[in-house]
Amino acid sequence: MGKIEWAMWANEQALAAGLILLTGGIVGVAGQFRDWEFAAYGVAAGVFICFLEYPRGMRNKGTSVERTGQYCLTVCVKAFGPVTRNYYVRAGLHAALCVPGAFILPTVLGCVCLAIASIIYLVAAIRGEQWLPILPKKTEKRVEMGKSIAYPPQNPPPRPPPELRRKRAEDLEGAAYVNPIAVTANE
Amino acid sequence: MGNFAANEGLSIFVILVWLGINVFLFVHYYLAFLTDNFYYTGVILGHALSWARAPAACLNFNCMLILLPVCRNLLSFLRGSIQHCSRTAARQLDRNLTFHKLVAYMIAFHTAIHIIAHLFNFERFMGAQLDSNTTVSFVLSQIGNGDNRSFLNPIRTSDTNPTYVMFTTIAGLTGVVITLALILITTSSMEVIRRSYFEVFWYTHHLFIIFFIGLVIHGVGRIVRGQTSESLNEHKPELCAKYYQTWGKNGTFCPVPNFAGNPPGTWKWVVGPMFLYLCERLVRFYRSQQKVVITKVVMHPSKTLELQMKRKGFRMEVGQYVFLQCPSVSQLEWHPFTLTSAPEEDQFSVHIRIVGDWTQGLYEACGGDKPGFQEAWKLPKMGVDGPFGTASEDVFQYEVVMLVGAGIGVTPFASILKSVWYKHVHENTKVFTKKIYFYWLCPETQAFEWFADLLQSLEGQMQEKGMTDFLSYNIYLTRWKETEAAHFTVHHEAENDPITGLKQMTRYGKPNWDNEFKAIGNNHPGSKVGVFLCGPTVLGKALEKQCHTHSQSNVDFIFNKENF
């Protein structure tokens with residue numbers, strides 16, 4: 001277990017907790033339960049947590065896999081700087097956010113899941129991990145393979161035609177490059 | 001168009017039957033809780049009771065199913081027996097992990113419905129206790145106040161709240177515990193976590209033990225109450241319901257109704273699979289205790305470790321895999337590896353790529369980082385479970401075979417090719433397979449090294465026997481560096497390939513599958529061609545499409561994919 005980046009798992013758990021909190025909140029509000037105000041809080045907190053946790057952070061080792069369409073949220077989350085980068089802050093935030101969920105039944109599950117996510121984030125923070133955004137790299141546009149290539153290349157990668165490959169003694173002027181040492185014909 | 005039916009038909013059928021059973025159970029149990037004995041329960045809860053009990057039945061069914069696809073020893077045994085009857089049916093058992101995940105998703109889905117319905121149930125039961133004393137709900141809730149046995153409403157007083165009640169009932173508490181276990185199992189099984197941090201996935205997955213124990217205990221409290229049959233004889237709801245103000249009072253003909261809970265039923269569904277899974281783990285443990293000796297350790301380039309081992313009574317087929325355990329690296333971890341040796345050899349071997357914690361630990365335990373000769377007794381003790389069968393076992397049942405391996409995915413085919421060599425060259429037994437087309441896609445040149453030896457010997461042997469037609473192999477180098485390119489161009493005219501030293505020249509880039517399939521189809525009209533792949537999903541999809549496209553009336557391409 002030595003090389004696990006706990007933040008990756010904490011992120012999955014927190015996102016799940018946000019969704020559960022949101023669902024519980026919707027049930028509480030739509031069903032007009034007693035103390036539905038807590039359910040309304042659950043909806044708001046759930047949405048906020050989902051937005052915060054949707055963009056995955058960059059991994060220290062290995063390739064980082066983005067979630068679909070996470071780029072806009074990455075930019076927003078990145079804008080908050082150290083508040084979102086530091087996992088101690090996230091652990092504390094989730095611990096605080098989960099408390100009001102404990103008051104009514106529909107949001108209790110979301111509350112407990114969020115508390116667990118908070119604990120895993122705390123472990124991640126103690127191990128010195130932090131959230132870094134996954135930003136698209138500036139790559140050159142790859143050349144599109146032409147549709148006319150029907151067979152894989154039979155020859156190795158191309159090389160210049162024979163005339164330019166080597167200087168010929170008869171035609172020193174016509175060669176493609178200049179030699180520091182004079183070229184002599186074979187004996 | 002394609003032989004879609006041949007490739008996918010049985011899978012679709014199994015899925016449809018499974019979904020059908022789910023739907024049937026859901027509807028059946030939904031209606032079962034709308035009967036007379038649940039009339040009064042329904043007065044308080046409405047349809048929320050049915051919405052909770054229907055997914056509960058489906059959960060019973062799916063929790064029964066989920067343990068079965070992961071009993072790999074049982075599946076291997078089944079596969080061996082079924083193979084004699086039907087190749088297609090045997091191939092279904094290769095998709096056990098996919099089925100396990102499908103059932104898991106269904107469990108999560110039904111759990112969600114079940115919990116949401118119970119949220120409404122708790123709310124309505126609480127509401128009944130808090131109602132004014134002129135409503136039928138309130139009157140119903142007071143039943144059983146004296147003897148605490150015949151009650152309907154599990155919330156016995158108005159001086160509490162649903163959250164408190166949930167944590168103080170068996171059903172509520174076990175419900176929370178098993179749901180948490182399920183959520184933790186789910187989040188740690190996400191592909192990102194599973195592929196990168198296998199240990200977290202594996203250890204957290206063992207929470208399923210808590211899940212099943214909690215599941216069986218979940219109904220012990222008998223919290224779902226219906227009217228008893230004796231009570232129904234004396235008190236018929238359709239006649240007496242409106243006289244709720246005067247039940248049991250002198251001069252009325254409606255006594256107070258009595259209620260009782262249903263006995264817990266989940267254990268009947270899951271006890272069988274739990275027992276089978278326990279047997280499975282015992283078999284694995286027994287196999288791990290058998291003595292395994294490492295006879296040879298070879299370190300290949302591109303961080304590939306080869307281990308040759310012996311175990312008493314070990315028998316394998318081509319392309320099977322084993323689970324390896326090294327107690328000195330980790331007591332609890334078992335990792336799957338394809339066998340690269342042939343059944344005809346007297347020892348078995350695996351080629352392991354060093355990518356993570358465990359493989360690195362194994363490499364060091366075998367003395368890979370120490371120079372020079374290692375004493376035999378210094379090599380670590382190993383546990384081996386298996387071998388288990390996968391799709392490659394079917395290779396020799398096809399007349400024409402296409403083998404496609406990407407990178408390290410060539411390992412099951414190493415076993416097949418070695419077996420081919422032994423069969424044809426040494427023992428000359430009659431082999432059904434007449435032609436093998438072998439494709440190896442590789443991104444780096446060093447990876448050729450250990451496999452090139454095998455191909456070279458095969459090449460030589462086939463030439464001696466005049467059987468050069470039997471095996472046609474194509475190696476594709478999909479990536480190269482500038483410096484390597486220079487080397488290739490200089491040696492381009494050489495008789496043997498500059499990379500592999502084989503007579504068959506290495507090709508560059510990726511194969512044009514359309515042309516390959518067309519050519520093979522034209523060469524072998526009227527036959528079934530087995531296509532076997534061990535490689536990335538993207539390539540699998542491309543090949544599957546090619547199989548469907550090129551399967552016409554006279555030639556059938558049947559696709560098989562290895563998966564871990």
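**Aromatic contacts, sheet pairing and cysteines in a predicted model**

In chain B, a single aromatic cluster is formed by Tyr439(B), Tyr476(B), Trp513(B), Phe517(B) and Phe557(B). The structure analysed here is a predicted model. Over all chains, the search of the whole structure yields 24 aromatic pairs. One of these is formed by Phe33(A) and Phe120(B), whose rings are arranged edge-to-face with 5.1 Å centre to centre and 85° between the planes. Phe33(A) belongs to the loop between α1 (6-30) and α2 (36-53) of chain A, whereas Phe120(B) belongs to helix α6 (residues 96-130) of chain B, so this pair joins two chains. The two partners were also assessed for accessibility. Phe33(A) counts as buried, at 3% relative accessibility, while Phe120(B) is partly exposed with a relative accessible area of 21%. An edge-to-face pair is likewise formed by Phe413(B) and Phe438(B), at 6.3 Å centre to centre and 75° between the planes. This pair links distant parts of the chain, 25 residues apart, with Phe413(B) in helix α17 (residues 411-427) and Phe438(B) in strand β10 (residues 435-442) of chain B. Both Phe413(B) and Phe438(B) are buried.

Arginine side chains were examined against aromatic rings. The charged end of Arg72(B) is placed over the ring of Phe323(B), 3.5 Å from the ring centre. For Arg225(B), the charged end sits over the ring of Phe151(B) at 4.0 Å from its centre.

Phe323(B) also figures in strand pairing, where it stands opposite Asp385(B) in β8(B). Similarly, Tyr321(B) is opposite Phe388(B) in β8(B). Strand β5 (residues 321-325) of chain B pairs with β8(B) in the antiparallel sense over 4 bridges. An open sheet of 3 strands in chain B follows the order β6-β5-β8, with antiparallel pairing. Its edges are occupied by β6 (335-338) and β8 (383-388) of chain B; each has a single partner strand, so one side of each is left without a neighbour in the sheet. From one strand to the next, the twist averages 30°. Of the 6 residues of β8(B), 6 are buried, so this strand is largely enclosed by the rest of the structure.

The UniProt record, an unreviewed entry, assigns the feature "transmembrane region" to residues 38-54 and 95-124 of chain A. Over residues 38-54 of chain A, the model is 94% helix and 0% strand, with the end C-alpha atoms 24 Å apart. Residues 95-124 of chain A are 80% helix and 0% strand, and the end C-alpha atoms of this span lie 15 Å apart.

Over all chains, the structure holds 1 disulfide. The bond is formed by Cys240(B) and Cys254(B), with sulfur atoms 1.9 Å apart. The torsion about the S-S bond of Cys240(B) and Cys254(B) is about -85°, so the disulfide is left-handed. The bonded pair links distant parts of the chain, 14 residues apart: Cys240(B) is in helix α14 (residues 237-240) of chain B, and Cys254(B) is in the loop between α14 and β2 (259-261) of chain B. Both Cys240(B) and Cys254(B) are buried. By contrast, Cys113(A) is in no disulfide, and the nearest cysteine sulfur, that of Cys111(A), is 9.0 Å away. Cys113(A) counts as buried, at 0% relative accessibility. For Cys366(B), the closest cysteine sulfur is in Cys326(B) at 6.4 Å, too far for a bond; Cys366(B) also counts as buried, at 4% relative accessibility.

Key: Residues are numbered from 1 along each chain as its sequence is written. Chains are lettered from A and ligands numbered from 1 in the order in which they are written. This is a predicted model: local features need pLDDT of at least 70, side-chain atom pairs count only at pLDDT 80 or more; totals for chains, interfaces and linings use all residues. Side-chain values use heavy atoms; hydrogens and water are left out. Rings of Phe, Tyr and Trp (its six-membered ring) pair if their centres lie within 6.5 Å; planes under 30 degrees apart count as stacked, over 60 as edge-to-face and the rest as tilted. Buried means under 20% relative accessible area, exposed over 50%, partly exposed in between (1.4 Å probe, protein chains only). A charge sits over a ring if NZ of Lys or CZ of Arg is within 6 Å of the ring centre and within 35 degrees of the ring normal. UniProt positions are given in the numbering used here, feature names are shortened, and annotations may be inferred rather than shown by experiment. Two strands pair if DSSP finds at least two bridges between them. Axes are lines fitted to C-alpha atoms, for helices over the stretch in contact, and angles run from 0 to 180 degrees between N-to-C directions. A disulfide is a pair of cysteine sulfur atoms within 2.5 Å.
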